[in-house]
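Trainee: Please pick one residue of this model and take me through its surroundings up close. I would like to know which neighbours it has.

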Amino acid sequence: MNFKFLFIVMLSVSFCFAQEGAEKKKYTLDANQFYGSIILHNPDISHLITSHPAGVILSYNRKTYGAEEWEELYNYPDLGYSFIYQNSNNQTLGDAFGLYAHYNFYFFRRNVQLRVGQGIAYATNPYDKQTNFRNNAYGSDFLSSTYLMFNFHKENIVAGLGFKAGISLIHYSNANFRAPNTSTNTLAFNAGFVYDLDGGKELEYVYREKEKMTEPLRFNLALRSGINESDVIDSGQYGFVVLSAYADKRLGRKSAIQLGVDAYFSNFLKELIRFQSIAFPENNVAANDDYKRVGMFIGHELFINKLSVIAQLGYYVYYPFDFEGRMYNRIGLKRYFGNKVFGAMTLKSHGAKAEAVEFGIGIRM
């Protein structure tokens, strides 16, 4: 099952970078070394924070010059792929190897760069009941991984060679695909070099006249599904289904606001309810308590070409079994195929506590 999960995640990340039409092409390579600390975001991982992780970030970037309108809207970002090796310097945690797709966004005359990367990582020493029971951070070999880099970035100082330095945040988690899943977040300082494969050759940016965009209220239907497990180790992995209906209103070329409702059918809660009814009778949980939940949410969608980034905040209005509180949130990616159909990969959580990675399809009418 891990390999199916890996395939789906990498496919979802890769289609973010589909491009159309002829355009100017220019490529850069960069290499960064980092050194930092694992953040104590949960006291349950305090025994794993014993030293400072270090590693390298290698990247391949393609610059944009405005061949498509969205590129100009976002100040001509880079699209790229990257590899991260992290040595945790902790025998229990082991090392991590990650592959990512990323965007580089530029600010302050392109001297400041913000990178957002999403991908999959392989953990060399995950939890094992017999041989590595102390690793409660990584419950599986393959992990979902997100990283951010905020750098001073100066290209083409000498013959296409430039310099960059800043801070990075690297997150590893399997989003409760398998327990345990306490996860880690590494905050690190990084520094390295960037090299222009064209030796510093300058290309012209395309500029367009900006036109105001208006669009009527749209209605959306989405079906999401996946597999997850409760925090009770070896309680079993179960499928779930989420039905969503919501309206959205475009505020311009970049943004839309959303209002809608979710219906959750999470089978792992069935097993958790049964387990608690037997193991913790003092909680007054009955084996036949309803596992279904219904929530209402508000959200925001940020459009980047055919890709969009969604962030939603919800509240359960039907909540018969108490699990992580009534508030929930969802963040993730959507990719449009034409004007109506979209695919999605999202993370549903309660604050910083992940519940599941959701893979979905939907229609925007």
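Mentor: Let's begin with a term: two residues are in contact when they have heavy atoms within 4.5 Å. This is a predicted model, in which local features need pLDDT of at least 70, side-chain atom pairs count only at pLDDT 80 or more, and totals for chains, interfaces and linings use all residues. Residues are numbered from 1 along each chain as its sequence is written, and side-chain values use heavy atoms, with hydrogens and water left out.

Now find His153, which sits in strand β6, spanning residues 142-158 (a strand is a DSSP run of E, at least two residues, numbered from the N terminus). His153 is counted as buried because its relative accessibility is 2%, and buried means under 20% relative accessible area with a 1.4 Å probe, protein chains only.

Who surrounds His153? Leaving aside residues up to four places away in sequence, His153 touches Tyr106, Arg110, Asn111, Gln113, Phe163, Lys164 and Val194. Gln113 also shares a polar contact with His153, side chain to side chain, at 3.4 Å (a pair of N or O atoms within 3.5 Å, one able to donate a hydrogen and the other to accept it; residues adjacent in sequence count only if both atoms are side-chain atoms). The side chain of Glu155 makes another polar contact with the side chain of His153, at 2.8 Å. Glu155 also belongs to the stretch covered by β6, residues 142-158.

So, to retrace the picture: His153 is a buried residue, with side-chain polar contacts to Gln113 and to Glu155.

Technical notes
Helices (H or I, at least four residues) and strands (E, at least two) are DSSP runs, numbered from the N terminus. Buried means under 20% relative accessible area, exposed over 50%, partly exposed in between (1.4 Å probe, protein chains only).
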